[in-house]
Amino acid sequence: MIFSRSVGVAISLACLLGMAVGANKPAVQTATAQAPAILPQQFGGWQMQGSPQTSTDPAAADPTNAAVLKEYRFSDLASCTYTRDDGRTLKIRAARFADASGAFGAYTFYLQPGMAKERIGDQAASLGQRVLFYRGHVLVDAQFSQESAMSAAQLKELAGDLPRPNGSSGNLPTFIEFMPHRGYVANTQKYAMGPAALAAQAPPVSADLVDFNVSSEVSLARYNMSSGEATLMLISYPTPQIAAEHLRRIEAAHQIAQPQPGTSSVEDAGPFFDKRTGPIIAIATGPVSDSDAKSLLGMVNWEASVTWNQQTDNAQARDLYMLILNIVILCGILAGLAVVAGVAFGGIRILLKRWYPDRVFDRPEQMEFISLRLTETVVKGASQTGTDGGRQAPQNPV
């Protein structure tokens with residue numbers, strides 16, 4: 001009976017806990033929907049002047065390339081001016097994107113070949129008093145009024161204060177890992193998620209043939225080969241079957257293309273070699289020899305990988321997990337309380353018997369109580385019946 005009551009209490013508390021989680025869910029979603037501020041009020045001795053200017057319009061970030069930023073899933077912009085006690089100023093424009101892929105793509109779009117590599121955030125480059133870097137899903141363009149030896153260290157502190165993306169949104173596209181490193185020309189890698197960003201790079205294959213409607217992605221880079229500079233283009237598709245179908249379209253378009261600049265399909269700028277490796281199409285072109293183009297393609301080899309610990313951000317799964325975890329914790333607490341109560345009750349009983357014998361729990365050996373003595377009555381009645389049965393019946397007179 002006690003066990004049944006304990007189970008009932010546990011189930012009731014678990015239900016109340018589940019109702020509380022469900023009631024708090026909209027509040028949690030509302031809180032997370034409000035994105036945190038991009039830029040901090042101060043960092044590394046720099047103090048923000050006034051309030052930052054914010055906007056959700058990509059044209060406010062870059063009127064010329066608003067369509068490109070939209071393809072990178074631009075979210076919002078914050079710009080402000082920081083000052084120090086010595087009178088120096090720092091102008092910062094920080095653009096936030098939906099995920100790290102968008103920030104990485106925008107970083108490669110604005111990256112210039114003459115920039116020097118820096119160790120700030122995830123990737124960074126500088127040119128004079130300007131520093132461009134991204135951290136997570138935020139791209140930062142910093143302009144110092146006067147450069148100093150501590151500028152990089154101060155921006156590292158700023159990178160640590162930037163908001164971070166949740167779950168898998170912080171992962172970069174995996175296919176860019178198959179870009180070769182040997183012969184790579186610094187700062188020439190470009191990542192495109194749409195036709196506007198791709199068209200700005202003068203690619204060997206047009207956006208129509210790439211077909212961004214099937215969730216394709218593109219990465220381009222230049223490589224120094226023995227016979228000249230080649231361009232390598234990787235096109236990633238969701239499945240190998242889709243990649244094979246688009247490779248046939250690209251090869252067919254290349255066969256009928258005319259070697260004239262500005263064509264809408266494929267521009268023939270020297271050797272044109274392509275291949276498919278898994279869901280990736282690799283294209284090598286440029287004023288290089290056939291052997292160098294084939295060698296560059298040979299360095300691109302897709303390998304499937306299975307990830308068991310990939311981060312996800314499923315709110316329903318997380319809420320269900322927390323509900324089950326809270327139920328298990330509640331059951332454990334109730335079981336622990338039951339064990340503690342049992343031990344305490346038994347221990348107190350033993351101590352009271354030892355300290356106060358025959359007073360609280362023990363009973364005296366001879367104790368008066370009411371007894372019906374039914375056994376004696378039954379035995380006595382049986383003995384009388386036996387005696388009467390042993391008597392001889394009187395004889396009738398003649």
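## Strands E6, E7 and E8

In this predicted model, strand E6 (residues 116-118) and strand E7 (residues 123-127) run antiparallel, joined by 3 bridges. One residue match to look for is Glu118, whose bridge partner in E7 is Ala124. The two strands make a hairpin with 4 residues between them, and Gly121 in the turn has a positive phi of about 60°.

E7 also pairs with strand E8 (residues 130-135): these two run antiparallel as well, with 5 bridges joining them. Here Leu127 stands opposite Arg130 in E8. The hairpin of E7 and E8 has 2 residues between the strands, and Gly128 takes a positive phi near 70° there. So E7 is bridged to E6 and to E8, with a glycine at positive phi in the E6-E7 hairpin and another in the E7-E8 hairpin.

## Aromatic pairs

Now for the rings: there are 9 aromatic pairs in the structure. Take Phe109 and Tyr110, which sit edge-to-face, with 5.2 Å centre to centre and 90° between the planes. Phe109 is buried, at a relative accessible area of 15%, while Tyr110 counts as partly exposed because its relative accessibility is 21% and the buried class stops under 20%.

Phe175 and Tyr191 pair up in a tilted arrangement, with 6.3 Å between centres and 45° between planes. Phe175 lies in the loop between helix H5 (151-161) and strand E10 (190-192), whereas Tyr191 is in E10 itself, so the pair ties together parts that are 16 residues apart in sequence. Both Phe175 and Tyr191 are buried.

## A ring cluster and a charge over a ring

Which residues do the ring pairs link into a cluster? They are Phe104, Tyr107, Tyr134, Phe175 and Tyr191. That brings the tilted Phe175-Tyr191 pair into the cluster with Phe104, Tyr107 and Tyr134.

Trp46 has a charged residue for company: Arg84 lies over the face of the Trp46 ring, at 5.3 Å from the ring centre.

## How confident is the prediction?

Across the protein chain, pLDDT averages 83, and 75% of the residues score at least 70. Over residues 1-7, though, pLDDT is below 50, and this stretch has 0 contacts in the model beyond near neighbours in sequence.

Residues 261-268 also stay under 50 in pLDDT, but for them the model has 21 contacts beyond four places in sequence.

Key:
Residues are numbered from 1 along each chain as its sequence is written. This is a predicted model: local features need pLDDT of at least 70, side-chain atom pairs count only at pLDDT 80 or more; totals for chains, interfaces and linings use all residues. Side-chain values use heavy atoms; hydrogens and water are left out. Rings of Phe, Tyr and Trp (its six-membered ring) pair if their centres lie within 6.5 Å; planes under 30 degrees apart count as stacked, over 60 as edge-to-face and the rest as tilted. Buried means under 20% relative accessible area, exposed over 50%, partly exposed in between (1.4 Å probe, protein chains only). A charge sits over a ring if NZ of Lys or CZ of Arg is within 6 Å of the ring centre and within 35 degrees of the ring normal. pLDDT is the predictor's confidence in each residue, from 0 to 100. Contact means heavy atoms within 4.5 Å. Two strands pair if DSSP finds at least two bridges between them.
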